[in-house]
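Trainee: Could you show me how to read the packing features of a protein model?
Mentor: Gladly, let us have a look together.

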Amino acid sequence: MNEQIKKTAFETSAGTDEKQSLINSNNIITDEEDFCNSDDLFAEFREESNPNFIRTFTLGELFDKSYDIKQPIIKDLLYPGMYLFVGAPKIGKSFAMLQIAHHVSNGLDLWDKKVNQGKVVYLALEDRESRIVSRYYNMFGVPPNPDNIIISTFSNKAGHGLEGQLEYILAKNQGVSLIIIDTLQMIKESSNDKMNYSSDYGIIEILKRFADRFKVCLLVVHHTRKQDSDDVFDTISGTNGLLGAADGAFVMQKEKRGKNKATISVTGRDLPEQCIQIERSANCTWDFVKSDVDLFDKPKDKILDKIVPFVSACKVWQGTATQLIEETELDITPNVLSRSLNALHSVLLNDYNIEYKFERKHSGKIISLSIIE
């Protein structure tokens, strides 16, 4: 019997195998939920090998997923993604960038907007180090958290090394939420070709892919063209490919040069249309005057109306969708509630400070809801 055991025991076929994890003999029989049919895997591989293959999802499959939350850098203004900050030369864009960097790095509200604190990378590609120091000191004095702003006055071009440099900075500085690049022209590859939609879209697409990959906000300074337009966003220098690829844009304008008042028009995929009026102070900061926001009245959500006060009262709750329906007296099915919470995930956190999680267990899907102080 002992000889038979020796013959059937696991053996390493080579020295390299010893570094790999061995199969645990106690778990040879898998649970039904974790069992993978080899025929299904082969069919999936064969399907993806088809040259006409395209990955598709049903709407139900999308609703069954809980997505990462885009937590704002500046609420209703800046989120993870790629944004343009545009204005005529020498009207105060760089001062505005340094002000944004200061407020984000210190978690200070800006222009009547809530700010979440995070480190800032500032590529001041048209400035000298001495100018940055004197400008910051005139605006804010000695920085309270100087290590929260990482500055460089040089970078490679987009698509030719810039992304690797930014990745290197992120690897060495944990907690970066905002990257400011001043200006777009300094990271564009020199070309004799006339500007066209494809090339404009392409450079923003490179930057957007980086922002989405690392879940940071990229704010890139750019210039307006000289011609006026009825649509302020048509004054962005270049083609519509710039705005088309970006997640949003800010256009800063003065009524007249030499005046201290300016407006910032804002548009974006996940932003309310708005116009922020600001005024330059004696220390060159841009102070908030007022904001005109194009907000539509959202219809009441019956699930939020029940869930928000319920969680606010109990602070922490965990259970199944069926139990949550019973305790909140919602008139819906458990499947509809689960899918609704997946869709309302970011609203719960960003608007009500309620964190939502769910995990699959043998007993079913377990929902967790808790107040984040």
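Mentor: We will go from the overall chain to ring pairs, charges over rings and a helix pair. Please keep in mind that this model is predicted.

Trainee: How many helices and strands are there in the protein chain?
Mentor: The protein chain has 12 helices and 12 strands. Of its 373 residues, 39% count as buried. The accessible surface is about 23,000 Å², and carbon and sulfur atoms hold 50% of it.

Trainee: What share of the contacts with a separation of 6 or more comes from residues 24 or more positions apart?
Mentor: Such residues account for 62% of those contacts in the protein chain.

Trainee: Now the rings, please. How many aromatic pairs are there?
Mentor: The count is 7 aromatic pairs. Take Tyr 136 and Phe 140: their ring centres are 5.2 Å apart and their planes meet at 55 degrees, so this pair is tilted. To be stacked, the planes would have to be under 30 degrees apart, and to be edge-to-face, over 60.

Trainee: Where do Tyr 136 and Phe 140 sit?
Mentor: Both belong to helix α5 (residues 129-140), and because they are 4 residues apart, about one helical turn separates them. Tyr 136 is buried, at 8% relative accessible area, whereas Phe 140 is partly exposed at 23%.

Trainee: Is the pair of Tyr 356 and Phe 358 stacked or tilted?
Mentor: Here the planes are at 25 degrees and the ring centres 6.3 Å apart, so the pair is stacked. Tyr 356 counts as buried, with 3% relative accessibility, while Phe 358 is partly exposed at 24%.

Trainee: Which residues form an aromatic cluster with Tyr 83?
Mentor: Phe 85 and Phe 250 join Tyr 83 in one cluster.

Trainee: And charges over rings: at what distance from the ring centre of Phe 95 does Arg 135 lie?
Mentor: Arg 135 lies over the face of Phe 95, 4.5 Å from the ring centre. The charged end of Arg 280 also sits over the ring of Phe 95, at 4.4 Å from its centre.

Trainee: Last topic, helix packing. What describes two packed helices?
Mentor: The angle between the axes and the distance between them describe the packing. In this model, helix α9 (residues 302-314) packs with helix α10 (residues 321-328) at about 90 degrees, and their axes are 10 Å apart. That makes the two helices, α9 and α10, roughly perpendicular.

Trainee: Which residues of α9 and α10 meet?
Mentor: From α9 come Lys 306, Ile 307 and Phe 310, which meet Leu 324, Glu 327 and Thr 328 of α10.

Methods
Residues are numbered from 1 along each chain as its sequence is written. This is a predicted model: local features need pLDDT of at least 70, side-chain atom pairs count only at pLDDT 80 or more; totals for chains, interfaces and linings use all residues. Side-chain values use heavy atoms; hydrogens and water are left out. Buried means under 20% relative accessible area, exposed over 50%, partly exposed in between (1.4 Å probe, protein chains only). Contact means heavy atoms within 4.5 Å. Accessible areas come from the Shrake-Rupley method with a 1.4 Å probe; for residues, only the protein chains shown count as cover. Rings of Phe, Tyr and Trp (its six-membered ring) pair if their centres lie within 6.5 Å; planes under 30 degrees apart count as stacked, over 60 as edge-to-face and the rest as tilted. A charge sits over a ring if NZ of Lys or CZ of Arg is within 6 Å of the ring centre and within 35 degrees of the ring normal. Axes are lines fitted to C-alpha atoms, for helices over the stretch in contact, and angles run from 0 to 180 degrees between N-to-C directions. Angles under 35 degrees count as roughly parallel, over 145 as roughly antiparallel, 65 to 115 as roughly perpendicular and the rest as oblique.
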